[in-house]
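This report walks through a structure step by step, from a single turn in a backbone to the way whole chains meet. Please keep the sequence and the 3D view at hand while reading.

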Amino acid sequence: MIQLNANHFIYLLMAAEWTLLLSLIAFAGGALVGLPVALMRVSRFAALRILASGYIQLIQGTPLLIILFLSYFGLGILGFKLAPLVAAGLGLTLYAAAFLGEIWRGCIEAVPRTQWEASDCLGLNRFHQYAYVVLPQAMRIAIPPTVGFMVQIVKNTSLASVIGFVELARAGQIVNNSTFEPFVIFCAVAAIYFAMCYPLSLAARHLERKAHVGR
Amino acid sequence: MSAAEAVVRVADVVKEFGALRVLDGVGFDVARGQTVAIVGRSGSGKSTLLRCIAGLETVQAGTIEVCGHAVGRPGSAARAQLRRDVGMVFQSYNLFPHLTVERNITLALSLVKKQPKEAARAKSAEVLALVGLTDKTTAYPEQLSGGQQQRVAIARSLALEPQVMLFDEVTSALDPELTAEVLAVMEDLARRGMTMITVTHEMGFARRVADLVVFMHKGKVWEIGPTAELFSKPRTAEFRQFVSSEL
Amino acid sequence: MSYQFDFSFLAERWPDFVSGAWLTVQLTLLSIAFGFAVGTVCALIRVYGSPLLRRPVGFYVELIRNTPLLVQIFIVYFGLSSLGLKLSAETSAVIALVVNMGAYTTEIMRAGIQSIQRTQLEAADCLGLTRLQTILHVVLLPAMERVYPALSSQFVLLMLASSITSQISAEELTAVANNVQSDTYRSFEVYIVVAVVYLALSVLYRFGFWAVGLVLFARKRKLRTAL
């Protein structure tokens, strides 16, 4: 058994960088897939609406842990080399896309109907209505809940540890395996997560309050 | 009026919200069976006075006594005593939206008075008959008109058999025809000898039903007297002006 | 490349999945019940309590909501046992889930309780109800009714999140899957099976909470049929 020392904590902090990287990948991927999902949810075509809502139901009804296992082993079956970062990135993207899609759908629907009607009367086509009238307004509404959801993403990257990706939670386990000081180590791990998440939570709340005052 | 027969005694009451003095040395007595109308412009402190009598606000100075017990004494026993003596009806009805009309009425009977279910339901039927809503027992508040809701609120208070009923602008939120049905219930109560203090904008009601009128102005009792006398010979310019503006 | 799907392990191992799902149901219903109780009490403190009590509750809520459940579970199971408090995996799982659920419920119920107007409390006061009676009979049910959609989706999220307790080998559904896949090497198929079971459970839970809502909120039921 090795005595717990400063190097262990430096190791944890370095692992936190991977947590941040994975969070960024998940958020970027989730946004990239989530926007089309949101647009499909409010589409004029029933088929697209059903498809998007089916996707959301499927992901929101399955534990993220299982989604990560499926993406890890599924990629393996497809013959890809088992890169945990890729598998974790894929799983978290699928997960984030469903939740962001649902959040953003609500924001698009929160733009008053009269805005559609007004832009319709000006002769804007559907694409221009979205690009110049609806989405810019929806985006302002979307910022607070989106920042709030980032907290979920950061926390949920901890599950990537189960498919062997060494991020903060996994690093904690590794340090624990050699030092066996679980209480101190996992409290330190929790503190680092808190340091990453709490500012986001505060920002989300602040933005939310500002949005309410503005309206 | 001798002290013995006064049900409510208000003396030198001062109430401040921060730097704002809302009640500035208010005092008057209410005898058993009397109907008192407190009138005045908005901001004159009349609703605050009623809330002080109901024990919903604490006063900075002066005393309020109901049935010989001082209002605002600390302790749950004193509070329970006050609740037995005073019933309050609000402008916004304040029925409990998740309970049926009957349960709104029996809730305090079973929780506070510990009455058995059957007795409470009988009481509920009795007071609902008084306000003419026998057929609404199982309805929820939002299924009733504003006037009906207010009558249920009156029935809910009556069921607890208070010594004094306080009415805080109970018709201000209602249309004229709904106002009439609520006022009719209150008039009936007055005739039955209930001691009532009502804050009201209904001058017609005040003239017809009240024994005593209190005109509040700038946090003070500006004029007080028997109804007929006060309305026929207003002593102050403020009251004269108020009466003419309310007509 | 071609991959042959093989679900034959189900013939032999399905009872394992059933017992795993059953443990998941037990763990989560227990955690939901206690977590809801903890959260409701904390929410009442947050709204009506003295600042002295409000602050620690706020700290608890922020702490839990800004750290991963996985780490919370590790602290309860490994951390507490290293401090001498030995708990079984299942007990640790329930404790961690209750603590977690409590924090989220606090935030949700707080919004509900704050939506109850002060005049409702005054009316209850004037009828002579005590503070406790007012909370039980006038505040809680309408507050819960107002936030019930958020509450029930949080309950479903907790059920899904309970899969994380497999990491301390509480023998619930996900842990069963881990065992079966290491025996059979049919990893992908095994996780497809549990994904389907979780989906079924979440549909079941949603339906269950909807039904509970119908019973709890009699007024809603009545008005909907009356209108």
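Which residue takes a positive phi just after H1(B)? In this predicted model, the residue is Gly55(B), whose phi is about 80°.

**Helix H1 of chain B and two unusual loop residues**

The helix that comes just before Gly55(B) covers residues 46–53 of chain B, and seven of its eight residues are buried, so helix H1(B) is largely enclosed by the rest of the structure. The buried residues of H1(B) are Lys46(B), Ser47(B), Thr48(B), Leu49(B) and Leu50(B), together with Cys52(B) and Ile53(B).

A positive phi also turns up in Cys67(B), which is a residue other than glycine and has a phi near 50°. Cys67(B) sits in the loop between strand S4 (61–66) and strand S5 (69–70) of chain B. Asn94(B), again a residue other than glycine, has a positive phi near 60°, and its place is in the loop between strand S6 (86–89) and helix H3 (101–111) of chain B.

Are Cys67(B) and Asn94(B) buried or partly exposed? With 18 other C-beta atoms within 10 Å, Cys67(B) is partly exposed, whereas Asn94(B), with 26 other C-beta atoms within 10 Å, is buried. The cut-off behind this step is that a residue counts as buried if 20 or more other C-beta atoms lie within 10 Å of its own.

**Chain B as a whole**

Stepping back from single residues, the secondary structure of chain B comes to nine helices and ten strands. The radius of gyration of chain B is 18 Å, which is close to the 18 Å that the globule rule gives for 247 residues, so chain B is as compact as a globular protein of that length. Along the principal axes, the C-alpha atoms of chain B fill a box of roughly 55 × 45 × 35 Å, and 47% of the 247 residues count as buried. Among the contacts in chain B with a separation of 6 or more, 63% are accounted for by residues 24 or more positions apart.

**Two helix pairs**

One helix pair belongs to chain B and another to chain C, and the table sets out how each of them packs.

| Helix pair | Angle | Distance between axes |
|---|---|---|
| H3(B) and H4(B) | about 130° | 9 Å |
| H1(C) and H4(C) | about 40° | 5 Å |

How are H3(B) and H4(B) placed relative to each other, and why? An angle over 145 degrees would count as roughly antiparallel and one of 65 to 115 degrees as roughly perpendicular; the angle of about 130° fits neither class, and H3(B) and H4(B) are therefore oblique to each other. H3(B) passes H4(B) in a right-handed crossing. On the H3(B) side, Glu102(B), Ile105(B), Thr106(B), Leu109(B) and Ser110(B) take part, and they meet Lys117(B), Ala120(B), Arg121(B), Lys123(B), Ser124(B) and Val127(B) in H4(B). Sorted by class, this contact of H3(B) with H4(B) has four nonpolar, three polar and four charged residues.

In chain C, helix H1 (residues 9–48) packs with helix H4 (residues 89–114), and H1(C) and H4(C) are therefore oblique to each other as well. H1(C) passes H4(C) in a right-handed crossing. The contact of H1(C) with H4(C) has 18 nonpolar, eight polar and three charged residues.

**How the chains meet**

Which chains have the most contacts between them, among the two pairs that touch? The answer is chains A and C, with 32 residues of chain C in contact with 29 residues of chain A. Helices H2 (51–65), H3 (69–82), H6 and H8 (187–216) of chain C each give two or more residues to the side that touches chain A, and the largest share, ten residues, comes from H8(C). By class, this side of chain C has 21 nonpolar, nine polar and two charged residues.

Where chain C meets chain B, 17 residues of chain C are in contact with 18 residues of chain B. Helices H5 (118–126), H6 (131–161) and H9 (218–226) of chain C each supply at least two residues here, and H6(C) gives the largest share, six residues. This side of chain C has eight nonpolar, five polar and four charged residues. Chain A and chain B, by contrast, do not touch, and their nearest C-alpha atoms are 26 Å apart.

Key
Residues numbered from 1 in each chain as written. Chains lettered and ligands numbered in written order. Predicted model: local features only at pLDDT ≥ 70, side-chain atom pairs only at ≥ 80, totals over all residues. Axes fitted to C-alpha atoms, helices over the stretch in contact; angles between N-to-C directions. Helix = DSSP H or I, 4+ residues; strand = E, 2+ residues; numbered from the N terminus. Parallel < 35°, antiparallel > 145°, perpendicular 65-115°, else oblique. Left-handed = near helix turned anticlockwise from the far one by under 90°. Nonpolar A, V, L, I, M, F, W, Y, C, P; charged D, E, K, R; others polar. Rg over C-alpha atoms; globule rule 2.2 N^0.38 Å. Buried ≥ 20, exposed ≤ 12 C-beta atoms within 10 Å, placed from the backbone. Contact = placed C-beta atoms within 7 Å.
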